[in-house]
Amino acid sequence: MSSLEAVWTQPYERPGAAVVTGVFDILHVGHVRYLGAVAARGLPLVVGVEDDPRVRAWKGPTRPFNPSAERAEVLAALRFVAGVFIVTGPPEAHGPDDYIDLLAPMRPAALAHTAGDPHAGARAAAAAILGADCWEMAAIPDRSTTRIVNAAGKG
């Protein structure tokens, strides 16, 4: 049993959605284009937002800039997002088995990630176990929260 939990902020209870998980700290055009491309494939889009302690453990003490509840609220406001949940649990619970256990009750039809994701192989394996398609979406060049933060620091 996974130690991860989905805390729904905008519930979506039907099977067959495309699921994406991530930090989504400072929402930018890269996020919007990526999520829009996933939604454009025709399945309802459900987004999982990593909670604050998990992000802090992975990205350092100054992150996230926005609390998970607010990040989830902003994502839920996008017209093509059908559901949003916050991924809670210990930061060390980030392996494929943890996410398989988290996502299995949702019965997703697809899991999506961006090209170049260092966890792409694990995501593909998880999708196969879940009986879901694995969609690798093109990354949006030069669009990232890190780039925005670095540019703001130079401003």
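**Charges, fold and salt bridges of the chain**

**Figure 1. Charged side chains of the predicted model.** The chain carries 14 positive and 16 negative side chains. The centres of these two sets are 9 Å apart. The accessible surface amounts to about 7,900 Å², and carbon and sulfur atoms contribute 54% of that area.

**Figure 2. Helices and strands of the chain.** Six helices and six strands make up the secondary structure elements. Their order along the sequence is β-β-α-β-α-α-β-α-β-α-β-α. The chain is as compact as a globular protein of its length, because its radius of gyration, 15 Å, is close to the 15 Å that the globule rule gives for 155 residues. Measured out along the principal axes, the C-alpha trace spans about 45 × 30 × 30 Å.

**Figure 3. Burial and contacts within the chain.** Buried residues account for 41% of the 155 in the chain. Among contacts with a separation of 6 or more, 73% are between residues 24 or more positions apart.

**Figure 4. Salt bridge between Arg 63 and Asp 25.** This pair is one of four salt bridges in the structure. The closest N and O atoms of Arg 63 and Asp 25 lie 2.9 Å apart. The pair links distant parts of the chain, with the two positions 38 residues apart in sequence numbering. Arg 63 sits in the loop between α2 (52–59) and α3 (68–76), while Asp 25 belongs to the loop between β2 (18–22) and α1 (29–39). Arg 63 and Asp 25 are both buried.

**Figure 5. Salt bridge between Glu 50 and Arg 54.** The side chains of Glu 50 and Arg 54 meet with an N to O distance of 2.7 Å. Glu 50 is buried, as is Arg 54.

**Figure 6. Salt bridge between Arg 123 and Asp 117.** Here the closest N and O atoms are 2.7 Å apart. Asp 117 has a relative accessibility of 15% and therefore counts as buried, the cut-off being under 20%. Arg 123 has a relative accessible area of 25%, so this residue is classed as partly exposed.

Note on methods. Residues numbered from 1 in each chain as written. Predicted model: local features only at pLDDT ≥ 70, side-chain atom pairs only at ≥ 80, totals over all residues. Heavy atoms only, no water. Helix = DSSP H or I, 4+ residues; strand = E, 2+ residues; numbered from the N terminus. Rg over C-alpha atoms; globule rule 2.2 N^0.38 Å. Buried < 20%, exposed > 50% of the residue type's maximum accessible area, 1.4 Å probe, protein only. Contact = heavy atoms within 4.5 Å. Areas by Shrake-Rupley, 256 points an atom, 1.4 Å probe, with all protein chains shown as cover. Lys, Arg positive; Asp, Glu negative; His and termini not counted. Charge placed at Lys NZ, Arg CZ, Asp CG, Glu CD.
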